[in-house]
Structure formats: structure tokens, C-alpha cells
Amino acid sequence: MEASEILKQFSDVWELRHEYAKDWKRRTGGKVLGYFCTYEPEEVLYSTNVLPVRILGGHEAPTLATPHMFDMWCPFSRDCLNQGLQGKYDYLDGIMATNCCLHPRQAFGAWTIHVPTPWNYWFVMPNAVRSPRAKKFLRGELEEFKKAIEAWTGGKIADKDLDRGIDIMNTNRRLMKQVYELRKADNPPLTGAEAMTMVWASQLMDKREQNDLLKQLVATLPQRKLERNTGVRLMIVGSENDDRPFMEMVESIGGTFVIDDHCTGSRYFWDEVVPDKDRLQAIANRYCDRVPCPNKDWGMEDISRKRFTHILQLAKDYRVQGVILIQQKFCDPHELDIPSLRRLLESNGIPCYFLEFEVTVPIGQFRIRVEAFLEQIQAEELFV
Amino acid sequence: MISAGIDVGGKNVHIVITKNGTILARVGGPTGINKAEAAEQLYAEALKQAGLKREDVTQVVATGSSGPRVTFANGVIPDAAADARGVIKLIPSARTIIDVGAEEGRAIKISPEGKVLDFAINERCAAGTGTFVDTMSRALEVPVEEMAKLSLKSTRSIPMNAQCAVFGESEVVSLIHQKTPKPDIARAVHDAIAGRISSVARIVGLEKDVVMIGGVAKNLGFVESLKRDLGMEVKVPDDPDFVGALGAATAAAAGVLEEKVEAKVVEKEKIEEGKA
Amino acid sequence: MAKYKTKGLDCWNRAKELRARYYEDYKEAPNRGALRWEGGAWSFDAIPQALEGEVHGLTEEPYGASIGADPALQVRYQEAAEGKWGCARDLCAYLRNYWGSIVLNEFAFGGEWPKADFIFQNHICCTHAKWLQVADEIEGGNIPYFCFDVGAGAYDKIGERQINYVVEQLYDGIDFLEKVTKRKIVDEKLIQNVKNTYDSACYWAKACELNQAIPAPLDEKTMFSLYVLGTLEKSHKDIAHFYKDELYPEVKDRVANKIAAVADEQCRVLGDSQPPWGFLRVFRYLEKYGIVSVASLYTFSLIGWWKIDKAGKLVPYPTLEEQGITIKDRDHALRLLAEGELKGKLMWAPFYGAKYKNDIVTKIAKQWKCDASIIHLNRGCEGTAQHQMEMKIAVQNLGLPVMTFEGNMADEREFDEGRTKRFIDLFVTETLGLKKVAD
């Protein structure tokens, strides 16, 4: 299959996510479990016949959510709840949350009361991810989670099943990283919007099916030539983002997103599980050691941010000329980091532009701003 | 008994004079900067319309965000209470009221007796008020009175992406440049406000009959958008912008004289008990 | 003639004195060779306060609230945080006050910003760990920083594994403290501090429990100035003594003699979250209608410890004496401290879901005989504002009228006093049908 066709399939999964999940249930007889945060341990779910699907918003005004979450909570979380209340996720067999940031916790809380999803689970992901105590604690949480999934699905999860789950996840991560590697080229063979759609699809579809497509994609992408100029090499950093119109708009006016740091982007898959005979410990280690979400990016004994070092390295590796910092309105974790991150990037010669996102964004106004940002970068290049 | 209700809102004053429940006069006009003066002048007009002198009126009750400024009122009632009294008089089957004025949108749940059981306000956001329509109509270069007719001609729904009134205005300009037909833009504007208002209404729960009042209720294009968003019928009484004043007059007739709430800013209290 | 007798609290001045002394001690610490540390109200102060020699802490939330009570000061500090540091306006209002104070190099209680010797923080919401991480950065990044995680699960899921997780981090914290201060943790001090913490937490809860009486001996506005001591240094012997030997007996006496907080009590209200600190006069306004705010999860459990008993009632967490426990050694002290906080601090329960909050607040509404609820939808604190709309539904389902108003605990730019009073008037006169009882 050609790269464009494969990318179209990912796009179809993203756009028709509910149809995909319902069809998957019919085909496999498995259960579908919705989740809010990427700290949810999918390895355990892939060790059995459960399809984890990330709850994403519908990019529409969350009118049904307001009686349950007043306007101060992030629009993405309210949009997610709105989708649930509209019945869009009526096929879910279960829903889970972790110690994510507070905003999706509100959506989960209201969901468990008002949306008739039969099963729910709270996974206590520790926040002190840099402490060795967290790895031990997380292993214990995984043990409990495994038992809960066994009880829910009526099956046992053996080591070989965990191996399978780890392998499926690691393969998916590795293949997506290979695709991302191709974006280092002067003229990347896929746009940022396409790359992120691939990641969104990963959060929505059976990774075994996606892995088959990804293998083909990795093989065919290097031959793909896009009829466009790369223009300014951009990185997009920030809160959850599946606003494709915004991405496409930027990439239509002289920029290309060559890399990102999002939980709907690279942060989701960047780090693999390092196999160990203690499979649950191996999984625990991965989730503690992965590039952290801002609300877990703090040290036990120092104020450094691991994510900042990672972002700076990505910016260098991908020869980023500018960073667009996007943040869902009211998003505390990113608001806490952005002033410091901005200082770091700018002191390393990387200009930044900040935009606040809602469920839908004013494309016209954002276009004007991004155009000015791109022009600023290009003008600076003239004087280098 | 002759009574009067005076509703002083952010943009307009509405006055109703009743005798034993029958409306004798109905006068409305802009509030302007001097609200007390506007109320006085319009009250004089209302009296003239009714053929009455001031002393003929037994009780005057004021309401609205600037109700306390009506110095000649015998009492003041909260605006939502006035809405409730007015609506239940006109539509006894009403249980949910949606009132959208120039500066505030609110939803009120009422009992069969017209008592306010619950309320929710569109707080601090112009995108759910009549002002949004005014602003967008200017951007569309269409008189605000024409917005309803225009949007009713539309046959398709376009989402307005901007959640904010300020961005909304420039989004309308973008849509015009994209040659989007004006009826579709007008409908998009109404749909956007309807979304905001319906989300406030859902806080109090939507129990039939749902009645819409306030100045924006005269905009049938908006009312259609609201019905679509709520997925239910919405009744609009005649002269919906006078319902608050009617409610105040009804309260006056019933002898409900609430103590006036002081309008002056309370002096900053020295908190001797210690700061937490 | 008033319905009930009323008088001020005899221990009121003592509370004021303890609070004033706390901030004075922090300012003066270097002059006395004492150490200074920054942390949170939930930071397990028993531990750093067990270091050898004199030690004084500055807890971030009460400091932020103190600034919030002064709108002019608060705007200046927040504009500094937003304008000079560059943070968003909707971040925690206390945090913006705190950062602004550092940016301007001012201490709200006079003088320059007092630099700490170390930071000892804990984390449960999105903000806590990052608050002092960034504060440290603003100050130059040279203050030794330690933070531990208390997000180990809801109170009814706490077992040995969860307690171990926190205790192990506390041991790491002790290593950190001894390394950076070159002082030792003194076990006798630690044990006494933990005992004091239990007394502060349990006796505050006992005092709150007495508010089930009619008339309520305390009103929430007064209670705000009483719980605050526990947010400053609940491990201090004077503060523990205040709660156990001064406040609690006095409140018991008020109940026995039917001394009311509000002489014309005719309506008891359940609150939630912090109030808008610069506008506490709203409570005095409510009192004109005989409305007294008698209870809230926030006021009860920000420092108070509670449990759900076998009958399903909310009761104060048992003291060490009631449990028959004598603390043996350091490990025992740390385990008891972790256990008390993880099991008893029900303020943390909403972090794990709306059902927890609904369960607790509906119990409070019933046990404290509330007639209505007024919920401040607090835009200033995501932690305490969790599930407030679900709470509204749950309390309405109990048959109680509920009013909400949006505001901000410590950002006066987000609170419309005039508008809020309009809503209160509507709720009070219409929905509750109350008339004024006092002027």
C-alpha cells in the first residue's frame, strides 16, 4: 500500500473512531476500555483482549458538560465529557482514569455518575516518578490492576501474555519513532498533521492492526515526495492537541511541523519498555522513566525538568527554527511550565509563539499571528 | 389596585402599569448613563399613556440590575423573581425560564406557583448575551433587527469556531471574505449564542414548558437556534422584553415589598478577626 | 430580641497571637540562627520541625491567602507574577500571589522576601510540586528542594503498601534534610511533633463536629481564622494545645450553654471551597438573614482528620490516646503520620472521583442539619473546586436548595461583589423565603 493510502486509513480511524471501535468489538468479541491519560498501562490491556481507546473531544461546544463541570475546567476535558453525555461512547465496556491532571479527573468523576459505562477503574499512577519509591509502588498498582482486569475479562494474564502486550506496545512505539525519524530530513515525506494523525490513530485503533500498516509505511515513506516546500521547521509543544485544522493551516502558510511534544504526539510513544523477567516492574519502570507530563515533571531533590532537556534535544535533532507553544485554556500543568520553557528555548536561540486553544480555534485570527511569527523567523534568518 | 413594575436593565428600561392584573400601559426606552433619570422620564411617559397621575399608583416595584436606583419605588425584587412572577402569569404551565438580555443570560427553574427554585447565570461572558448579536450584526453590516429574518433563510449550519465575542467578530469578517452567504453567518451567530445559553439552561434542568423572555427573545432566528440546540419547544410570550416589568408589577399588586438592597459599595471592612 | 445568646470566642486573641508570631518567627529566624523552610500547608511539617535547633517554616497557601485578603496588595503581586514572570492569569491565585511576592522581593508581612534555607514540599494536585519548583527558579535556583508524593489513593484504599510508599519517601526526605542543613532529625522532637499533629488534626475535627448542635457555636467565617493555625504548623505544641485545650473545651461549653455564633440563626448552610478572602463581609451579609454557614468539607478537612464509622457517619479521626497508641520510635512516628494523613484527610478524597466528594458532603449536610447550600465556584483553586457541580446535583437530590456563584479565593478581579449580592438576595428572599432578622 502506498504511504498516502496508509495515512488516509489513519485519518479515517481518527474521524470515524466510534465506528472503528464498534466494528472491532463485532470482529473480535473483545471489550473496549476508554481512558483519559497516557499514563494508563496499555501493556496490561494488550496482554488480554481489551482495546484501549483514548477519549478525545469532538471539537464542539460542550453544552451538555456545563451542569457537571463549570467553565473553569479545560475545554478538552469538558468536550470529552460532552461526548460521553451525548452517547457517542455507548459502546464502551469500561472507562478508566489515573492520577492525571485535575481536569480530566472531573470528566471521569461526572462520567461515572451520568454515563452508563458498565465498569470503571481508578489507577493510582504515582506522581513522584523520579523516585525509586514510585517504581516499586507502581509495580504494586500494576499487580492490582492486572487482577482487576482478569476479574473483569474473566481470564488470567500470564507472563507470556504480558510479554505479548509489551511487544505490541513496543513495536508500535518503535515503528512510530522510525516514522518520526524521517521528519529530520530537509523535506520530510509527511506533514506534521499527517504524523500527528498517525499518533491519534494509535490511541484509537488496535495497535496490532496499526503495526501492520506502520511496517508498510516505514518501507514506503522514504520514497514519498510531497509537492510542497518545507518552509520554516516548527515544533509544536503543549497540552493535548488533536486540532487538525490548526495544524493544516500552519502547514499551508509556509511552515512544517517537523516534531512535537504532546501527549497526543511523541510523548505518548517515545519511550519503550525495557524487558525484564519481572514484567510488571519493567512496565512500571517505563511509565516512571518516560518523558513526563508537566504535572509529574519534578524531581525529588532538584528543580530540573526532564521534559525541558528532552524538548531542547528534539529541537536540535530536528533542526527546529521555531516553537509554537499551545495550551488548552485553563491547563495548569502547561501553564506552570510555559514561562520557564519559553525562557529556556529563547535563550537557546529558538523563538517561540504562544497560542491558547479552545475546543475550536479561531483559524482566521491564528493564521494572522502564525504568519507574522513565520515571517519573523524568516526575517531573522536573512540577517544571520 | 393600580401597580407599576419598572425593570431597569443594562441597556433598556421597561415599565408596565397594571390595574387588577390588566395592563394599562407599557413603555420602554434606553437606560443611558443616568439610569435613575431614564426611569423617571419613562415612568412619566407610562403614566401619561395610562392616563394616570402618580398618586393613582398604589405600589411601584423595581427590578433589574439597576432596580435599586429607582428612588421612587416602594420596593425592589430580584430580577429572576420578577421574571418568574411575570412568566407564570402569562404562561401558567412554565417551569423553566430562559431570559437573555443585553448583558446577561440566565436560566430559572420555577415552581407551579412561580417561586424561583434554582437559577444559573451566564457569568462574565458576552458571548451569551444580546450584546453578542449587536456586535456581530455590525460586523455583518446588517441592522440588528434584520438578523432574525436573515438567519431564518439559512438552510445549513456552520460552526463558529471562536468561543469569545471578540474573536467572534473577526471570525464573521473572515466568513464574509470566504464569501459565506450572510444568512448562514447570521445563523452561525445565533447557533453560537444558543449553545452558550442552552448550556446554562441545562444547569437548572430543562423541564417543560420552557419559556424564553428578554430582548433577545424577539429575535426569532435566535429562538429557532435555541429550540434546535435544546431539542425541545420554546414558548415566547408577546412583548417578551416586558415580562420582568410585568412580574414586578404583579409583585407590587400582591403587596410583596422587599426591603431595598443598598446599591452603594460597602466600605472595606477591617477584618479584625485575622486573615486566614 | 435575639433568638439565642451569642458572644465572641475567648480564645480568639490567642489564635491571632499564634498566627502573628508564626510570621514574625519566620522573618526573624536568621537573626536567631534558626533555619527557614518553605513548604505547603500539607507538607508534614512534623519532619523539618524535628531538626536540631530552631526551625521555622513558611507555608505557601496561607501566605497566598493572607495576600488575597488585601485586594490592592493581591492585584499588585499577581500583576507582577503575570507581567514580569509571565504566567497565566488562571493559575492558582495563591501561587500567583506567592510568585509575585518573590518577583517584587517583598514579604507581605514587611521587609524583603525572606530567603529560605530549603524547600520541603508535598504534591497531590497539579500545582504543589511545581509551585515551589518555579519559586526556587525565580529566586535563582539555589534553594535545596525536596518534594514527596502523597497521591497514593483514596482514604478507603489505604493499606500497608500505600503507607510504605509515603514513608519511604519521608525517609528520603530526612536524608535530604540532614544533608542540606547539616543538622540531625531528633527522634524525640519528631515523636512529639507527630503527637502534636494528631492532636491538632483530631481536635479541630472534634470542634467542627460540635457544630452539629443547634444553634451552631461557630460560623464558618470564624472557623477560617481558626483552622489556619493548622495550615501553618500543626506539629507545634502551642497550636496542638490551642486546639485541644483551648478551642475544643470552649466550643463544648458554648454547646452546653447554647451560645450561638449567630444570634438569630434560622438557616444553616453547607459551604464548599475557600471563600473569596477579600470579601468575607458576604458572610456578615448572610447573617442579617439569620443564615449561618456551619459546615464544609474544606473547612473541616483542610487540616482536620475524619473517618466514616461503621454506621456510615462522618466522625473525627481517633487521637493517639483514643487508639491506645504510644509512639515508639522514628519509624512508628513516620508510619502514624502517613497513615493519619492518608486515611484521615478527607479533603484528598475528591482527587479520586466525584462519588467520594458526593458521599462526604451529603453526610455533612445531613449530620450538620443543613437547610441549604451555597457553593463558591472557586476559579482560584482547582483542588478544592473539584466536582462542585456534581456536589450541587447531589445536595439538590437531598432536597436542599443550592446556590452557586463564581468567584476566586484570592483574585479580586474575578469576583463581582455586586453581582454576587444580587444572586444571594434572590436565593435568600425567593428560594429560601427568608426575611431580614437583623440590620
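This passage walks through two sheets, one in chain A and one in chain B, and a buried arginine of chain B. The model is predicted, with local features needing pLDDT of at least 70 and side-chain atom pairs counting only at pLDDT 80 or more, while totals for chains, interfaces and linings use all residues. Residues are numbered from 1 along each chain as its sequence is written, chains are lettered from A in the order in which they are written, and side-chain values use heavy atoms, leaving out hydrogens and water.

In chain B, 5 strands (E runs in DSSP of at least two residues, numbered from the N terminus) make an open sheet ordered S3-S2-S1-S4-S5, with mixed pairing (strands pair if DSSP finds at least two bridges between them). Its edges are S3 (22-30) and S5 (75-76), each pairing on one side only. Helix H8 of chain B (residues 243-253; helices are H or I runs of at least four residues) packs on this sheet and touches S1, S2, S3 and S4. The direction of H8 makes about 140 degrees with that of S1(B) (axes are lines fitted to C-alpha atoms, for helices over the stretch in contact, and angles between N-to-C directions run from 0 to 180 degrees). S1 (residues 2-8) and S4 (residues 59-63) of chain B run parallel, joined by 5 bridges, and B:Ser3 sits opposite B:Gln59.

Over in chain A, the open sheet has 4 strands in the order S6-S5-S7-S8, with parallel pairing. From one strand to the next, the twist averages 30 degrees. S7 (residues 322-328) pairs with S8 through 6 bridges, and A:Val323 faces A:Cys352 in S8(A).

Back in chain B, B:Arg187 belongs to helix H6 (residues 182-204). B:Arg187 counts as buried because its relative accessibility is 12% (buried is under 20% relative accessible area, with a 1.4 Å probe and protein chains only). Beyond neighbours within four places in sequence, its contacts (heavy atoms within 4.5 Å) include B:Ser151, B:Arg156 and B:Arg228.

Conventions:
Buried < 20%, exposed > 50% of the residue type's maximum accessible area, 1.4 Å probe, protein only.
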